[in-house]
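Visitor: I am new to protein structures. Could you show me how to read one, feature by feature?

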Amino acid sequence: MQAAKRFSLETIATLRAAIDDAGGNEVFALGYCGAKGMVNRLEITARGNKDSVLALGFFDFSPESGETPDLLIHNHPSGFLTPSDNDMAIAAKAAESGLGFYIVDNRVQQVYAAAEPIRKRKRKKLNPDKLCGALEEEGSIARRLPEYERRDSQLDLVRLIIRSFNEDSIVVAEAGTGVGKSFAYLLPAVEFALLNGERIVLSTATITLQQQLFEKDIPLVLSALGKKIKCALIKGRGNYLCRRRLTEALREPFLDGEECGELRSIAAWAEQTKTGGRSDLSSMPSAASWSQVCCEADTCLGMRCAERERCFFLALRRESADARILVVNHHLLFADLAARYEGAGYEGTVVLPPYSRIVIDEAHTIENAATSFFSREWSRVGIHRALSRLYRKRRARELGLLLRLFGAGPDSGDRLPGGLPRRVAAAREKAEQAGAAALALCGSEGLFRLTPDTAEDAAPLFLSLGELRQALAALADQILPLLETADQDDPAAWEIRAILRRLGSVGAVCSAFLDYGERVRGAREKGLGLEEDPEESRDVFWMERQGGTLDPWVVFRATPVSVAPSLRDALFNNAKTVVCISATLSTASREGGGDFRFWADRTGAALADRDFLWGIFPSPFPYKEHTLLTVPTDAPLPNFPAYQDFLGRAIAELVLIAGGSALVLFTSYQSLRLAFEQAAPVLEKEGIRCLRQGDDDRSRLLSLFLGDKSSVLFGTDSFWEGVDAPGETLRLLIICRLPFRTLRDPVFEARREVLEKRGANAFMELSLPDAVMKFKQGFGRLMRGSSDYGTVAVLDGRILQKYYGKAFLNALPETRISFKDFTGITRDMERFFT
């Protein structure tokens with residue numbers, strides 16, 4: 001093909017001159033096309049020899065202009081333009097990014113187009129006036145919602161989010177309760193996807209919010225816009241049924257009665273469900289039963305699976321492949337981002353289809369969500385479950401995948417190759433021993449963290465972990481060669497490989513614990529103190545007791561001290577648009593606006609290669625008229641012996657004044673238990689139902705609370721957020737203590753130490769802002785609608801007596817206040833409610 005059909009005369013001359021300057025050797029250039037597809041500008045990036053040249057500027061492209069090239073160009077000095085194998089490899093890689101790949105002769109007279117560039121679509125920008133108009137009093141959204149109220153703060157938020165799409169920027173927005181943040185980000189996101197055909201990911205903290213967006217809010221927005229767009233609700237793979245694994249589980253002989261009944265119920269449901277999602281089940285099966293039949297990436301047979309045409313998860317994948325709006329949760333988002341950042345790339349489907357624009361709702365949770373995702377952990381319960389899938393005895397009968405794979409029937413464990421039953425039993429025994437050693441270290445507190453000071457106490461634990469790692473490796477070494485001779489399409493072989501990978505990850509965590517112990521020991525032998533790495537990417541190694549008193553077990557965890565570098569690289573530096581929104585992102589003050597530094601530092605947004613836009617959008621609710629904030633000035637401080645007795649009496653009296661309709665928030669379960677035992681008899685005598693966290697699962701407790709307007713709910717950590725009780729259901733909120741995290745939290749303690757080693761004030765830079773943000777979350781439980789009203793009672797005198805108390809008070813909206821002795825605040829409460 002003649003080069004003049006693809007290059008402007010000016011670029012032909014420029015490229016020809018560059019080749020002459022290189023002595024006729026190969027050169028490499030980036031090409032930029034004009035409106036008609038002609039190459040009208042070049043950027044020469046490398047010069048080589050007669051046979052090769054470096055493809056500089058493609059794999060590490062970052063020109064000063066920030067503009068992406070349209071194609072890659074180089075010459076063949078021989079005049080023979082057929083691409084080499086290396087050329088084709090680079091052309092294929094370029095094509096994944098939509099780039100073309102041209103080869104020219106030295107005189108730039110002929111061109112061979114190994115790959116054509118994909119023409120760039122001109123991006124259409126959002127119109128702020130049009131979208132805000134939908135939220136005006138006569139707008140298309142307003143007409144679809146009863147009792148709609150125009151909110152200036154919502155309109156301002158919409159305009160900020162529009163900028164994030166139009167300007168390819170990061171937006172951090174705090175939107176108070178009642179602003180209407182869901183519609184504020186859905187309108188721009190959906191409209192941008194419609195205009196430009198780009199895929200938008202909406203990430204939420206919970207599956208419940210996912211379903212609300214997908215089933216209610218997005219359809220309403222599409223109806224208001226008068227348009228249609230394909231959307232997909234995506235949950236983690238483990239939420240979906242695998243038909244093949246269900247069939248295999250039902251074939252397992254000698255299931256016990258309960259397990260068999262659950263699997264048969266799931267099988268009957270499988271023939272009726274359209275989605276295969278666990279949330280569609282009328283009753284939840286046990287974790288053990290569901291783990292046998294759920295979808296798992298490492299046990300999926302893919303195209304080899306006989307059930308692939310009926311696969312629930314593949315059907316979801318097909319649905320999401322051409323969806324423009326994906327509704328996911330944070331854990332799924334981080335799984336996808338981590339895989340892409342670690343080498344899977346950004347152009348194809350990994351966990352999710354490719355995307356470059358993300359809206360993160362409830363963004364105050366992303367540090368905790370990312371910390372959970374990037375942590376590595378194991379417990380003997382998990383090991384026992386995995387080992388039992390390989391081989392187990394039940395009522396003198398032998399079962400398991402190893403028997404199925406090697407053609408042995410029940411009771412033929414002794415005929416398994418290499419004494420495998422003994423290897424399984426040895427691994428199980430070593431896991432028990434490691435668990436017992438860990439339980440002893442956890443003691444009465446139920447927690448143990450490895451540090452230079454505690455590592456010497458952990459010598460028995462290190463011995464057990466080493467033996468466990470060795471036992472798991474020996475088991476894998478016995479099984480892996482046998483798998484080489486097995487039928488590669490046998491589902492049992494795939495399941496066994498998956499189990500071995502999981503047991504291998506347990507061994508890796510054991511190695512991480514042991515490596516830490518070796519570092520401590522080595523430093524001690526040299527008479528040196530172990531200086532912890534000041535970088536926040538290091539892990540903290542800790543253990544936590546779980547389960548009841550009869551059969552407790554320990555979870556071993558290796559947790560990153562900071563997720564900020566990972567989130568910076570995987571999220572904030574790679575997506576074009578990132579919108580982070582929540583009701584609590586700043587340590588705001590009424591006098592000085594807001595400060596996002598704490599959240600931005602913890603999540604990596606502050607480390608991003610670009611600045612972010614931010615805004616605080618106050619709640620439109622009438623807090624000043626509808627909310628009374630009370631603090632008893634004569635209450636004993638929480639560290640005083642008399643505090644707990646005061647707490648129980650105060651809760652009972654305050655709840656009686658309110659007539660129930662109360663939520664009582666604690667920072668420890670022990671304090672909750674003692675207060676409940678003191679207050680509940682008094683309240684129930686007056687007909688007020690008392691509900692306590694731990695007496696039932698969270699969702700049922702909330703349902704009971706919402707259904708009984710005179711009830712009172714006692715809760716700890718998880719009830720500080722996610723409780724939506726509008727109207728008369730909640731008229732009294734009691735915050736027993738300021739929610740400072742306990743220093744018993746190993747990860748939080750490690751994060752404090754990092755700050756202190758940098759010479760920072762860990763209390764002011766971590767403990768206080770963390771507590772303020774949680775305090776705001778708790779306070780937000782009271783007002784859920786503009787007509788709601790009630791009292792917030794803070795029974796912690798530090799909020800008035802300590803220098804840091806103002807940080808909590810200034811973070812709240814302006815309310816009525818009653819800072820008096822306890823008798824005085826009860827009188828004010830009575831007047832307020834009447």
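Guide: Let us walk through a sheet, a helix and the nonpolar cores of this predicted model.

Visitor: In what order do the seven strands of the open sheet run?

Guide: Read across the sheet from one side to the other: β8-β9-β7-β10-β17-β6-β18, with parallel pairing. At the edges are β8 (231-233) and β18 (612-617), each of which pairs on one side only. On average, neighbouring strands are turned by 15° against each other, direction ignored.

Visitor: Which residue stands opposite isoleucine 200?

Guide: That is arginine 357 in β10. Strand β7 (residues 200-204) and β10 are joined in the parallel sense over four bridges.

Visitor: What does helix α4 touch on the sheet?

Guide: Helix α4 (residues 152-166) packs against β6, β7, β10, β17 and β18, and its direction makes about 170° with that of β18. Helix α5 (residues 181-196) also lies across strands, among them β7, to which it runs at about 160°.

Visitor: Which residues of helix α12 are buried?

Guide: A general idea comes to our aid: an α-helix has 3.6 residues a turn, so residues three or four places apart point the same way. In α12 (residues 366-374), the buried residues are Ile366, Glu367, Ala369, Ala370 and Thr371. Their cover includes α11, β10 and α24.

Visitor: And which residues touch the most other members of the largest nonpolar core?

Guide: In soluble globular proteins, nonpolar side chains tend to be buried together. Here the largest such core has 54 residues, and Trp378, Met543 and Phe556 touch the most other members. Helix α17 gives the most to this core, with 14 residues. A second, separate core of 47 residues includes Tyr185 and Leu202.

Methods: Residues are numbered from 1 along each chain as its sequence is written. This is a predicted model: local features need pLDDT of at least 70, side-chain atom pairs count only at pLDDT 80 or more; totals for chains, interfaces and linings use all residues. Side-chain values use heavy atoms; hydrogens and water are left out. Buried means under 20% relative accessible area, exposed over 50%, partly exposed in between (1.4 Å probe, protein chains only). Helices (H or I, at least four residues) and strands (E, at least two) are DSSP runs, numbered from the N terminus. Contact means heavy atoms within 4.5 Å. A nonpolar core is a set of buried Ala, Val, Leu, Ile, Met, Phe, Trp, Tyr and Cys residues joined through side-chain atoms within 4.5 Å. Two strands pair if DSSP finds at least two bridges between them. Axes are lines fitted to C-alpha atoms, for helices over the stretch in contact, and angles run from 0 to 180 degrees between N-to-C directions.
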